[in-house]
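Colleague: I would like to go through this model with you, starting with its internal spaces and then its charged pairs and buried residues. Please keep the answers short.

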Amino acid sequence: MNNSALQGKPVREGHDSGWSLPSNPQTVAFGVSIADALPEAAQRLSARRLAVVTTNSLAGSGGLAEAVRNILGPRFHSVVAGIHSHTPRADVARVIKALEGADAVVTIGGGSVCDSAKAARLCLANGIKDAVGMDRLRPYNKAQGSEPDGTLSPSLPFIAVATTLSAAEFTSAAGVTDERGPRKQVFVYPGLAPDIVVLDPQVTRQTPPRLWFSTGIRALDHALETWCSRNPTPLSDAHSSYAARLLIISLQKVFDSPGDISARLDCMKGAWLSILGAASGVKAGASHGMGHALGGTAGMPHGETSCVMLPHVLRYNASVNRDRQAVIASSVGSHDTPLADIVAALISRLGLPTRLRDAGVSEKVIAAVAEAALHDPLLASNPRPITTLTEVTELLKQAW
């Protein structure tokens, strides 16, 4: 598009900006303000009635949702707020209802908000209108594949404005909590990912620091577990190693200077790159598998599960991939320090929880979390095998 506001107009003079067109297909606007990106995104998708999905914290007077509403102008259709962590089915049902009169959706927030729109769009495509109806959708199963016969992929246009570093915007997976368990289920279907993702570092200044940094560690978890995966590819290695270096360095820069927009954009780039390996089929490991269980069963925020579990899992796996871990350690200037210690020191410096008890997890739920984790498909793909309930429980007890 000639004379596009999204070609060569950065948020601030001197910062990288542009459009990238990865596979799926998906368009990413990075280093571009939402004031410039959203109108063009709506035009590209021929959207005239856009529903906005977000959290209560962003939906208040003067908040980001109000800014998006003003930017959309007559294209704005409605807003649904109050999306909770781990995307309960009840929230998905509310989003389904909100989307029924819209011809596109815009999410503003992190992974839970993005996943609510993914799941709601999938439900709409298949005539599902309530939480119980989601029983018709099959959670991801590595042995059976990801798309049941007869399930239709979503077609409602989708724009995601990222405010955290969860990187959910770049995958065709949606994590949804079935409150009857409670247990988190992951649905993987073609077409779940947003059509357009907007990475505007300026809007992240409204993100609470603990959320920003913990989701940054989550992104680092994506990068390190795919780098250390059993089935890496040359392309995933390029993405994961660069993402890990970007995140380790830029997270510290933002901690020292919260107004450093260039460093914030580097964090967002790192999060984007961190997930591309997993999105292409490279398997993560036990930190992710246990994180799913800690989230769905114990209610622990995703980012904080990585803060606690990632160093423990790196130490556990070092006996089988120490050389791989050392490559990342060397890339950030630490030739003699184990990668687990580098990551643990970063987490402590950022003021994030390092033990499950520090994140509000009761010792009483360890058994239930271990049982849920043992059945997570990503536990089975851990580089060093974890096959028994005793092994899972021991790792969780060490982390508690």
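The exchange below covers cavities, salt bridges and a few single residues of this predicted model.

Colleague: How many cavities of 30 Å³ or more does the structure hold?

Modeller: The model is a predicted one. The largest cavity contains about 70 Å³ of space, and the second largest contains about 40 Å³. The number of cavities at or above 30 Å³ is 2.

Colleague: Which element gives the most residues to the lining of the largest cavity?

Modeller: The lining has 13 residues, and those closest to the cavity centre are Leu 224, Glu 225, Cys 228, Leu 314 and Asn 317. Two elements give two or more residues to this lining, helix H6 (209-227) and helix H11 (302-331). The element that gives the most, with 6 residues, is H11.

Colleague: By class, how many charged residues are in the lining of the largest cavity?

Modeller: Nonpolar residues number 7 in this lining, and polar residues number 5. The charged class has a count of 1.

Colleague: Which helix provides the largest share of the lining of the second largest cavity?

Modeller: The lining includes Ala 162, Thr 164, Ala 167, Phe 170, Met 268 and Trp 272. By class it divides into 8 nonpolar, 1 polar and 1 charged. The largest share is 3 residues, and it comes from residues 261-274, helix H8.

Colleague: Is Trp 272, in the lining of that cavity, buried or exposed?

Modeller: Trp 272 is placed in helix H8. Its C-alpha atom is separated by 7.0 Å from that of Phe 170, with the two positions 102 residues apart along the chain counted as their separation. The cut-off for buried is under 20% relative accessible area. At 9% relative accessibility, Trp 272 counts as buried.

Colleague: What is the phi of Ala 167, another residue of the same lining?

Modeller: Ala 167 sits in the loop between strand E6 (158-162) and E7. It has a relative accessible area of 2%, so Ala 167 is buried. Its phi is positive, in a residue other than glycine, and is near 70°.

Colleague: Where does His 86 lie, given that its phi is also a positive value?

Modeller: Phi of His 86 is near 70°, and this residue is not glycine. His 86 has 5% relative accessibility and therefore counts as buried. Its place is the loop between strand E4 (76-80) and H4.

Colleague: Turning to charged pairs, how many salt bridges are there?

Modeller: A pair counts if a side-chain nitrogen of Lys or Arg is within 4 Å of a carboxyl oxygen of Asp or Glu. Arg 355 and Asp 358 form one of them, with their closest N and O atoms 3.2 Å apart. By this rule the count is 13.

Colleague: How many residues apart in sequence are the parts tied together by Asp 178 and Arg 89?

Modeller: Asp 178 and Arg 89 form a salt bridge whose closest N and O atoms are 3.7 Å apart. Both Asp 178 and Arg 89 are buried. Asp 178 lies in strand E7 (residues 173-178) and Arg 89 in helix H4 (residues 89-99), so the separation in sequence of the parts they tie together is 89 residues.

Colleague: Which residues are linked with Arg 89 and Asp 178 in a network of salt bridges?

Modeller: The pair of Asp 178 and Arg 89 belongs to a network of salt bridges. The other residues linked in it are Asp 135 and Arg 180.

Colleague: What is the relative accessible area of Arg 324, the partner of Asp 237?

Modeller: The closest N and O atoms of this salt bridge are 2.8 Å apart. Asp 237 lies in helix H7 (residues 234-256) and Arg 324 in helix H11, so the pair ties together parts that are 87 residues apart in sequence. Asp 237 is buried at 17%. Arg 324 is partly exposed, with a relative accessible area of 26%.

Colleague: Which residues does Thr 151 touch, not counting those up to four places away in sequence?

Modeller: Thr 151 lies in the loop between helix H5 (111-125) and E6. Its relative accessible area is 12%, so Thr 151 is buried. The residues Thr 151 touches are Leu 122, Asn 126, Leu 137 and Tyr 189.

Methods:
Residues are numbered from 1 along each chain as its sequence is written. This is a predicted model: local features need pLDDT of at least 70, side-chain atom pairs count only at pLDDT 80 or more; totals for chains, interfaces and linings use all residues. Side-chain values use heavy atoms; hydrogens and water are left out. On a 1 Å grid over the protein atoms alone, a cavity is a set of points where a 1.4 Å probe fits but cannot get out, and a pocket is an open set with protein on both sides within 12 Å along at least five of seven lines; lining residues have an atom within 4 Å of a point. Grid points are joined across faces, edges and corners, and a volume is the space filled by probe spheres set on the points. Helices (H or I, at least four residues) and strands (E, at least two) are DSSP runs, numbered from the N terminus. Ala, Val, Leu, Ile, Met, Phe, Trp, Tyr, Cys and Pro count as nonpolar, Asp, Glu, Lys and Arg as charged, and the others, Gly among them, as polar. Buried means under 20% relative accessible area, exposed over 50%, partly exposed in between (1.4 Å probe, protein chains only). Contact means heavy atoms within 4.5 Å.
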